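Visitor: Hi! I'd like to walk through this one together, starting with the open spaces and then moving inward. Could you get me going?

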Amino acid sequence: MIVTRPFPTARLDHLDPFLLLDRMGPVTHGPGEAKGAPDHPHRGFETVTYILDGAIEHEDSQGNHGSIGPGDVQWMTAGSGVIHSEMPAEGIRRDGGRLHGFQLWVNLPSRDKMMKPRYQELHAAEIPTATSADGKVTVTVIAGESLGTRATIDTRTPIMYLHVRLAAGARFTQAIPETYNAFAFIVSGQAAFGDRLARENDMIIFDRDGDEVAMTTENGAELLLIGGVPLSEPVARYGPFVMNTVGEIRQAMIDYQSGHFGEIG
Ligand code: CO
């Protein structure tokens, strides 16, 4: 799998409350080529998987299993701990096929880190979309609000997650509360934010001195607009565990190794 990881990098460990963004593909696998992430644990944060092409099959220690396909979102709150597997759909593993998607890690505030694990899985048709009056801007509202349309996903702290599609010549202004950290990730095409021109795979971090961001495009663009209220808490991270202190990380490892996260199947 070709993965583009805007963060964490050596320069950007996290953008509070976001811990990681991975773009999987877009890639067309040959037969037997597609690999996924077999059984692994998570504690203390949320994984948000958004599929654009292909499908991912998941299974976890809470007894959930299913497949998420184009336009579907899985918002998984690991809380106190889950073990799950995330694999390309069996047909893609066997016969090959196209895969494209995103995974965002959203940190949980200390009061929620040990909450009961929770799944919200929304199929494409259940995710609200909004279109601008001139028809040139279409927004899939995964979390937050855009063009007067509210998301149905429930987030633990205020989060905005928008998939914005701009037709050629579109202009768009999105309100973002001043208290948010926010960024854009360009999925395809080119968009201008003021005098900054952004291309595919660019991540633009917005200043926190305004309450909106404006963008234009000449030939069209597709981007993710993501933001949230920073937790402003200490971050202790070790692989699949994200807690507030090193002691809590140690405890997560002990709990995992002694089987407290349960098992799949
Ligand atoms: Co995972």
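Guide: Happy to. One term before we begin: a pocket here is an open set of grid points with protein on both sides within 12 Å along at least five of seven lines, and its lining residues have an atom within 4 Å of a point. Please also keep in mind that this is a predicted model.

Visitor: Got it. Which residues lie nearest the centre of the largest pocket?

Guide: Those are Asp22, Met24, Ala37, Glu86 and Gln103, out of a lining of 18 residues.

Visitor: And what volume does the largest pocket have?

Guide: About 320 Å³.

Visitor: Which elements give two or more residues to its lining?

Guide: Strands β1 (3-7), β2, β3 (37-42), β8 (82-88) and β9 do.

Visitor: What about enclosed space? How many cavities of 30 Å³ or more does the search find?

Guide: The search of the whole structure finds 1, and the space in the largest cavity comes to about 30 Å³. Its lining is made of Thr49, Ile56, His58, Ile68, Gln74 and Glu86. You met Glu86 a moment ago, among the residues nearest the centre of the largest pocket.

Visitor: Nice link. Let's switch to the overall layout. Which domains does the assignment give?

Guide: The domain assignment gives domain 1 (12-124 + 234-257) and domain 2 (128-228). Taken over C-alpha atoms, their centres are 23 Å apart.

Visitor: How many residues are in contact across the two domains?

Guide: On the domain 1 side there are 25, and they contact 26 residues of domain 2.

Visitor: Where does the largest nonpolar core draw its residues from, in terms of domains?

Guide: From domain 1 and domain 2, with at least three residues from each. The core has 26 residues, and Trp75, Leu104, Tyr161 and Phe183 are the ones that touch the most other members. Elements giving two or more residues to this core include β2 (18-29), β4, β7 (73-77) and β9, along with β12 (137-143), β15, β17 and β22 (221-228).

Visitor: Pick Leu104 for me. What is leucine 104 in contact with, leaving aside its neighbours within four places?

Guide: Leucine 104 contacts Phe18, Leu20, Leu21, Glu46, Thr47, Val48, Tyr161, Phe183 and Ile226. Two of those contacts, Tyr161 and Phe183, are also named among the core members with the most partners.

Visitor: Is there a second core to look at, and which residues does it include?

Guide: There is a separate one of 25 residues, including Leu166, Phe172, Phe206 and Ala221.

Visitor: Phe206 caught my eye. How far apart are alanine 184 and phenylalanine 206 in space?

Guide: They are 8.0 Å apart, C-alpha to C-alpha, with their positions 22 residues apart in sequence. Alanine 184 sits in strand β17 and touches Phe206 as well as Phe193, Asp202, Met203, Ile204, Leu223, Leu224 and Leu225, not counting residues up to four places away.

Visitor: Why does alanine 184 count as buried?

Guide: Because its relative accessibility is 0%, and buried means under 20%.

Visitor: On to the rings. How many aromatic pairs does the structure hold?

Guide: It holds 9. One of them joins tyrosine 50 and tyrosine 161 edge-to-face, at 6.1 Å centre to centre with 80 degrees between the planes. That pair links strand β4 (residues 45-53) to strand β15 (residues 159-166), across 111 residues. Tyrosine 50 is buried at 2% relative accessibility, and tyrosine 161 is buried at 0%.

Visitor: And phenylalanine 102 with phenylalanine 185: what are the distance and angle there?

Guide: 5.7 Å centre to centre and 75 degrees between the planes, again edge-to-face. Phenylalanine 102 is in strand β9 (residues 97-107) and phenylalanine 185 in strand β17 (residues 181-189), so the pair ties together parts 83 residues apart in sequence.

Visitor: Which residues do ring pairs link into a cluster?

Guide: Phe7, Phe18 and Phe183.

Visitor: Last topic, the backbone. Which peptide bonds are cis?

Guide: The bond from phenylalanine 7 to proline 8 is cis, with omega near 5 degrees; proline 8 is in the loop between β1 and β2. Another cis bond joins glycine 25 and proline 26, with omega about 5 degrees, and proline 26 is in strand β2.

Visitor: What is phi of serine 232?

Guide: Near 50 degrees, a positive value in a residue other than glycine. Serine 232 lies in the loop between β22 and β23 (236-238), and it counts as exposed at 63% relative accessibility.

Notes:
Residues numbered from 1 in each chain as written. Predicted model: local features only at pLDDT ≥ 70, side-chain atom pairs only at ≥ 80, totals over all residues. Heavy atoms only, no water. Phe/Tyr/Trp six-rings, centres within 6.5 Å; stacked < 30°, edge-to-face > 60°. Helix = DSSP H or I, 4+ residues; strand = E, 2+ residues; numbered from the N terminus. Buried < 20%, exposed > 50% of the residue type's maximum accessible area, 1.4 Å probe, protein only. Core = buried A, V, L, I, M, F, W, Y, C linked by side-chain atoms within 4.5 Å. Domains from an automatic or database assignment. Contact = heavy atoms within 4.5 Å. 1 Å grid on protein atoms, 1.4 Å probe; cavity = no way out; pocket = protein on both sides within 12 Å on 5 of 7 lines; lining within 4 Å. Points joined across faces, edges and corners; volume = space filled by probe spheres on them.
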